[in-house]
Amino acid sequence: VSMISDIIAVESANTFKRPIYAGNAIATVQSDEAIIVGTVRATAFDAVAAEGGSAVVEAVAEVKDAGVSKFVSEEIVKLDRPELTAARIVVSGGRGVGSGENYHKVLDPLADKLGAAQGASRAAVDAGFVPNDFQVGQTGKIVAPDLYIAVGISGAIQHLAGMKDSKVIVAINKDEEAPINSVADYWLVGDLNTVVPELVSKL
């Protein structure tokens with residue numbers, strides 16, 4: 001069957017909405033398939049009750065190994081902070097933080113004070129400041145926390161697609177023309193190396 005990916009709303013049994021063009025347009029998609037295969041953007045829906053519902057869970061018989069692949073290993077990254085996609089507060093850093101050392105020097109105290117998860121723009125990840133697990137955006141993780149603090153992030157369209165559904169967005173950037181300001185509820189124009197430690201001292 002054909003695939004419907006990144007569903008953000010269910011209109012009817014066979015009609016769905018999904019973002020296209022990095023979230024700048026919403027497509028309404030209708031499928032004539034008897035069986036619908038789709039993926040859902042979890043941040044677009046409220047969590048359901050732990051009990052109730054009418055879905056049926058069916059156990060399936062073990063299938064035979066086709067012998068075309070094999071399990072090698074798995075490596076699970078354990079963080080002391082909340083999981084990025086489930087956190088209520090996310091503190092993210094971009095290219096503007098300057099280096100991996102400065103990322104942790106400036107942003108770790110803020111994340112610790114707020115009990116926040118840490119994220120990053122693709123530019124920061126590509127520059128080697130932090131691991132890929134931190135990346136927020138169209139090619140990273142989609143997040144929608146109660147509070148998203150973007151530090152030194154200019155706001156490329158791919159990054160905005162991954163965090164613009166956050167309830168409150170705070171941008172800290174020395175460039176008052178940075179694109180991230182278009183989605184920010186609050187923005188502070190200033191040097192992050194001065195502003196963030198001052199913010200931490202007042203929390």
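**Exercise 1. Locate Thr-43 in this predicted model and characterise its surroundings.**

Solution. Begin with the position along the chain: Thr-43 sits in the loop between β5 and β6. Next, consider its exposure. The relative accessibility of Thr-43 is 27%; because buried requires under 20% and exposed over 50%, Thr-43 counts as partly exposed. Then examine its partners. When neighbours within four places in sequence are set aside, Thr-43 is in contact with Ile-142, Val-143 and Ala-144. Finally, take Phe-16 as a reference point: Phe-16 and Thr-43 are 27 residues apart along the chain, and their C-alpha atoms are separated by 16 Å.

**Exercise 2. Determine which parts of the chain the salt bridge between Asp-6 and Arg-41 ties together.**

Solution. First establish the pairing. In general, side chains of opposite charge can pair when their charged atoms come close. Here the N to O distance between the side chains of Asp-6 and Arg-41 is 2.8 Å, and the cut-off for a salt bridge is 4 Å. Second, place both residues. Asp-6 belongs to strand β1 (residues 3–7), while Arg-41 lies in the loop between β5 (37–40) and β6 (89–93), so the salt bridge joins parts that are 35 residues apart in sequence. Third, assess the exposure of each partner. Asp-6 is partly exposed at 22% relative accessibility, whereas Arg-41 is buried, its relative accessible area being 12%.

**Exercise 3. Describe the salt bridges of Arg-81 and Arg-122, giving for each the partner and the placement in the chain.**

Solution. Start with Arg-81. Its partner is Asp-112, and the closest N and O atoms of this salt bridge are 2.5 Å apart. Arg-81 lies in the loop between β5 and β6 and Asp-112 in helix α1 (residues 100–114); the pair, 31 residues apart, thus links distant parts of the chain. Arg-81 has 25% relative accessibility and counts as partly exposed.

Continue with Arg-122. Its salt bridge is with Asp-126, with the closest N and O atoms 3.3 Å apart. Both residues belong to helix α2 (residues 122–126), and their spacing of four residues is about one turn of the helix. As to exposure, Arg-122 is partly exposed with a relative accessible area of 49%, and Asp-126 is exposed with 55%.

To complete the count, a search of the whole structure finds five salt bridges.

**Exercise 4. Identify the residues that make the nonpolar surface patch of about 390 Å², and classify Ile-35 by exposure.**

Solution. The patch is made by Val-1, Met-3, Ile-35 and Val-37. Among these residues, Ile-35 is found in the loop between β4 (25–30) and β5. The relative accessibility of Ile-35 is 57%, and Ile-35 therefore counts as exposed, since the threshold is over 50%.

**Exercise 5. Summarise the protein chain as a whole: secondary structure, burial, contacts and charge.**

Solution. The chain contains four helices and ten strands, arranged along the sequence as β-β-β-β-β-β-α-β-α-β-α-β-β-α. Its C-alpha atoms fill a box of roughly 60 × 40 × 35 Å along the principal axes. For burial, 34% of the 203 residues count as buried. The exposed area is about 12900 Å², with carbon and sulfur atoms supplying 52% of it. For contacts, consider those with a separation of 6 or more: residues 24 or more positions apart account for 52% of them. For charge, there are 17 positive and 26 negative side chains, and the centres of the two sets lie 4 Å apart.

Notes: Residues numbered from 1 in each chain as written. Predicted model: local features only at pLDDT ≥ 70, side-chain atom pairs only at ≥ 80, totals over all residues. Heavy atoms only, no water. Helix = DSSP H or I, 4+ residues; strand = E, 2+ residues; numbered from the N terminus. Buried < 20%, exposed > 50% of the residue type's maximum accessible area, 1.4 Å probe, protein only. Contact = heavy atoms within 4.5 Å. Areas by Shrake-Rupley, 256 points an atom, 1.4 Å probe, with all protein chains shown as cover. Lys, Arg positive; Asp, Glu negative; His and termini not counted. Charge placed at Lys NZ, Arg CZ, Asp CG, Glu CD. Patch = residues over 30% accessible without salt bridge, like charges linked within 9 Å, V, L, I, M, F, W, Y side chains within 5 Å.
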